[in-house]
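Visitor: I am new to this one. Could you walk me through it?
Guide: Certainly; please have a look at it first.

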Amino acid sequence: MSNQVYQIEYYRFSSSDIILFDANIWLYIYGPQGELWPRLRSKYHLALRKIRGAKVPIFIDLLVLSEFINAYARFVYNDLPPGIKPKDFKTFRCSVEFNPIAAQIAKEARRILQKCDRTESGFESADLGIILNGYASGNFDFNDQILSELCKTKNFKFVTHDADFKGENLTIITANRNLIK
């Protein structure tokens, strides 16, 4: 796999592609972030339709699903007005007010799972020494490194909006101009 970055609006998906979406893409499509950035939601949603139309398999692993669920809940918590926002996230998550939000998050997670095939993250074979050294340097996110290794191992094309992946030895498809430059 080589470092190739493609602009999502112009990428032609083919049945020979195999795709992994980053959690941030699912958050644009099915999460509250898409409401804040409707142009990005539209671009990624259109790409999802093209991918499904071309019968390209989309994979998901536990890290991506977990990040989607947790980031969605934190986003809602962080967006609460100060007068009704509980003092900490755990109090909010354990409140009755969180129940309909949790139900919505679970609904969206099910929508994602319906569109994806599950894959293992490769945790058991990942070189955790190198990954932890990268994390300890302060230059790399742990989950990002695991996803990067997963893409390399399984030859996934990675759809992400995360500029942290710039320079990684991956095939990336994105609407993030900072990754394309």
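Guide: What follows is a short conversation about a predicted model.

Visitor: Let us start with the sheet. In what order do the strands run?
Guide: The order is β1-β6-β5-β2-β3-β4. These 6 strands form an open sheet, and their pairing is parallel.

Visitor: Which strands stand at the edges?
Guide: Those are β1 (4-7) and β4 (117-118). Each has a single partner strand, so one side of each is left without a neighbour in the sheet.

Visitor: And over how many bridges do β2 and β3 pair?
Guide: Strand β2, residues 19-21, and strand β3, residues 58-60, pair over 2 bridges in the parallel sense. Within this pair, L20 stands opposite F59 of β3.

Visitor: Which helix packs on the sheet there?
Guide: Helix α3, residues 38-53, does. It touches β2, β3, β5 (157-159) and β6 (171-174), and its direction makes about 115° with that of β3.

Visitor: Moving on to helix α1: how many of its residues are buried?
Guide: In α1, residues 23-30, 8 of the 8 residues are buried, so this helix is largely enclosed by the rest of the structure. Among them are N24, W26 and Y28.

Visitor: At what angle do α1 and α3 pack?
Guide: The angle is about 105°, and the axes are 8 Å apart. The two helices are therefore roughly perpendicular to each other.

Visitor: Which residues make that contact?
Guide: From α1 they are I25, W26, Y28, I29 and Y30; from α3 they are L40, R41, Y44, H45 and L48. By class, the contact has 8 nonpolar, 1 polar and 1 charged residues.

Visitor: Y44 makes me curious about N176. What does N176 touch?
Guide: Leaving aside residues up to four places away in sequence, N176 touches Y44, H161, D162 and A163. N176 is found in the loop between β6 and α9 (177-180).

Visitor: Is N176 buried or exposed?
Guide: N176 counts as buried, because its relative accessibility is 9%. Its side chain reaches the backbone nitrogen of N178 at 2.8 Å.

Visitor: A last topic: where is S137?
Guide: S137 is in the loop between α7 (128-136) and α8 (142-154). With 42% relative accessibility, S137 counts as partly exposed.

Visitor: What does its side chain reach?
Guide: The side chain of S137 reaches the backbone nitrogen of N139 at 3.2 Å.

Note on methods:
Residues numbered from 1 in each chain as written. Predicted model: local features only at pLDDT ≥ 70, side-chain atom pairs only at ≥ 80, totals over all residues. Heavy atoms only, no water. Pairing = 2+ DSSP bridges. Helix = DSSP H or I, 4+ residues; strand = E, 2+ residues; numbered from the N terminus. Contact = heavy atoms within 4.5 Å. Axes fitted to C-alpha atoms, helices over the stretch in contact; angles between N-to-C directions. Buried < 20%, exposed > 50% of the residue type's maximum accessible area, 1.4 Å probe, protein only. Parallel < 35°, antiparallel > 145°, perpendicular 65-115°, else oblique. Nonpolar A, V, L, I, M, F, W, Y, C, P; charged D, E, K, R; others polar. Polar contact = N/O pair within 3.5 Å; in protein donor to acceptor, adjacent residues only side chain to side chain.
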